[in-house]
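Colleague: Before I accept the descriptive terms, I would like to hear the grounds for each of them.

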2 protein chains.
Amino acid sequence: MRPLRRLIQLDEAIGLALCEAVEGKRTEVVQLLDASGRVVAEDIVSEIEVPPFSRSAMDGYAVRAKDTYGAARLKPVSLRLREKIYAGAIPKKAIAKSECSEIATGAMLPKGSDAVVMVEDTERHEGEVLVSEAVHPGQNVSKKGEDISKGTPVVSKGELLNPSKVGAVAALGRKSVKVYARPLVGVVPTGNEIAELGRSLRPGQVYNINSYTLAAVVTSNGGDVRKLDIVDDSLEELERVVRDNADCDMLVFSGGSSVGEKDIMLDVLERNGRVIFHGVAIKPGKPTLFGVVGKQLMFGMPGYPTACLSNAYVLLAPVLRKMARLPSKSPQAVTARMAKRIVSTTGRTQFLTVKLVGDVAHPAFKESGAITSMAFADGYVVIPADVDMLEKDEAVEVFLL
Amino acid sequence: MRPLRRLIQLDEAIGLALCEAVEGKRTEVVQLLDASGRVVAEDIVSEIEVPPFSRSAMDGYAVRAKDTYGAARLKPVSLRLREKIYAGAIPKKAIAKSECSEIATGAMLPKGSDAVVMVEDTERHEGEVLVSEAVHPGQNVSKKGEDISKGTPVVSKGELLNPSKVGAVAALGRKSVKVYARPLVGVVPTGNEIAELGRSLRPGQVYNINSYTLAAVVTSNGGDVRKLDIVDDSLEELERVVRDNADCDMLVFSGGSSVGEKDIMLDVLERNGRVIFHGVAIKPGKPTLFGVVGKQLMFGMPGYPTACLSNAYVLLAPVLRKMARLPSKSPQAVTARMAKRIVSTTGRTQFLTVKLVGDVAHPAFKESGAITSMAFADGYVVIPADVDMLEKDEAVEVFLL
């Protein structure tokens, strides 16, 4: 059996992995309706004025502001009503001295007018409108180009589209947008002991858990998943998978990165690429392997479900987010106090899963082979490498799962 | 023109809308690979033991624990090696007194053995293994059913599937899972002044922004979007849309909820269902209308893009999350200080969009008709109804967009 190389600290592992991760360059065009949450791959500059015309910001009367000067509740100004202008319609009549037109919110301002008096500040008598508040030029008017003027950069390459930025692109009349493609991540379970879901188990086998947990983490961190078949832990088979999936931006193997005699992911990396690290000072998940083959990143995750998944959270997710050009994201956290004293190994960062009862954190970790160490937990506490004990009642930050 | 009814406070509006929202009952079956983030609609109880056999948690030697008692570095116990057991294989030989078998992590424990000695605590001499550490029964062994025993409830109806819960379902061998269907939300822009993206604008028209911003909010809060065509602001047309889309769980109209003469969503609700509220004491977004027609919820959002979108965040999102059975979610927040004094109207909750420069929040709000009031902002500050001023340098919580 082969020993791990020198264990490196988690921060160093994250740093090394981030160094190898390259921001994705592939782009694709998506419908604007599907664009929220995607990263724009073009600079979008407005070719139009938004709004394309000066419009009323209120329901009221379009006026020449100077005709209203001096108007007051007890001394209203009388204006002659010309027409009614609906939103979407074109005003037929211009406004001359002492004239006005009724106007709806969003409707185009008629020629000659430069302000809108709110309906609340008027009184109507047949063809006459009494204005009891003066307005200044531009009041209650959204000027042509005031929202977005022609030539304004609306979104820039690399920006993440949130709902309002999607709205700004829509304001320009664009139906689709060029975005960066989501990195493609091949997920490969290895080992003769792994059986696919829906099949019956042979003696000695357990079901494939890691493809499903890894896929969930990949999808929620900006990646697309290619779920690959379970492969035997043989050099030939693993090399075939690497060859056949050279179009993936990342391959994540689970199982086969430990120190067992049959764990040969290390050989695959050494023969076909470079090992960046093998062995991280974290618990669970120590035997994690990371390297590159050509332009592909390779993770060799421990086969044990909780070790595999917690490493996916702390190592794979930040690397994938960089490739997907997404901002880094910390999980939601709450403060709690420990239900009991916890002893930790100094020199290794520990991910202690906990169940929250009120604000008390009860350890939920069974062993790294048990998926219920995480599935029955509410979150996890990170115990730094230089801390050897959490006291009962000690305040801890719990990162929610 | 018709006045708004009495304005109600935002909290009251949210409360009334949540009262009308019913947790969805429709279910569907999805592949486990796509199940993360979905809400389970069945109680899943394990029908198997996980692991289905006692297995080694380490690379090492399967032993009878009592054979190792008294073993020490200077006084190792010698055991006769029987075979090598790989993960996924079936042990051929039972372990009798003073015997052991080499065993890989995850491999099935041979009959007769009850513990595993770590490889680090052994030395090998041909057919003989020297054990230098005693183990107790069960040590370094994951017992059959230890992770999930037969009959254990693994996930319950109504639980949100996160990656680890997906993993627990996978552990049972389940390929698919019954989940609650995402509520279907019809999004309907109204008004003659609205033009669909990709078309050229006629004079007096602006592009359809709200369908896209609303769709983004709906999708990220557990709903599916049915994007409907722009409809004229006529009673007939709006009633036709309501009739034709009776299968939607919610219809969201934008435009047509203000006080203008042509705004007839109110009539649609009064004739076909019930108005729950019309007019909320918020800025922007005052004229928002909410009601029910049959089992459908109806939102009449203001047509102005920023008013429409901020109302979608504060009113539509919580209602939709309840229908989708998702936990409520607060946006990520950071603390900042105001770049300048801001005066607010007492009696109305104000959503002030801001641009962050370091930890200084600069007001970014132009007007509710300008999508860039939000698209060029980083977040928003909520000024409560009973606060009339934020001082320069005052600490504020900024909710990120």
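**Terms and their grounds**

Colleague: Why is Thr190(B) called buried?
Modeller: Thr190(B) has 28 other C-beta atoms within 10 Å. A residue is buried if 20 or more other C-beta atoms, placed from the backbone, lie within 10 Å of its own (12 or fewer is exposed, in between partly exposed), so Thr190(B) is buried. Thr190(B) is found in the loop between strands S13 (184–189) and S14 (194–195) of chain B.

Colleague: What is the status of the model and its numbering?
Modeller: The model is predicted: local features need pLDDT of at least 70, side-chain atom pairs count only at pLDDT 80 or more, and totals for chains, interfaces and linings use all residues. Residues are numbered from 1 along each chain as its sequence is written, with chains lettered from A and ligands numbered from 1 in the order in which they are written.

Colleague: What makes H4(A) roughly parallel to H7(A)?
Modeller: Helix H4 (residues 210–219) and helix H7 (residues 305–323) of chain A pack at about 25°, their axes 10 Å apart. Angles under 35 degrees count as roughly parallel (over 145 roughly antiparallel, 65 to 115 roughly perpendicular, the rest oblique), so H4(A) is roughly parallel to H7(A). Among the residues making the contact (C-beta atoms, placed from the backbone, within 7 Å) are Leu214(A) of H4(A) and Leu316(A) of H7(A).

Colleague: In helix H6 of chain A, which residues are buried?
Modeller: Met265(A), Leu266(A), Val268(A) and Leu269(A) are buried in H6 (residues 265–272).

Colleague: How do you know that the buried residues line one face of H6(A)?
Modeller: Seen down the axis of H6(A), they fall within an arc of 160°, so they line one face.

Conventions
Helix = DSSP H or I, 4+ residues; strand = E, 2+ residues; numbered from the N terminus. Arc of directions from axis to C-beta. Axes fitted to C-alpha atoms, helices over the stretch in contact; angles between N-to-C directions. Contact = placed C-beta atoms within 7 Å.
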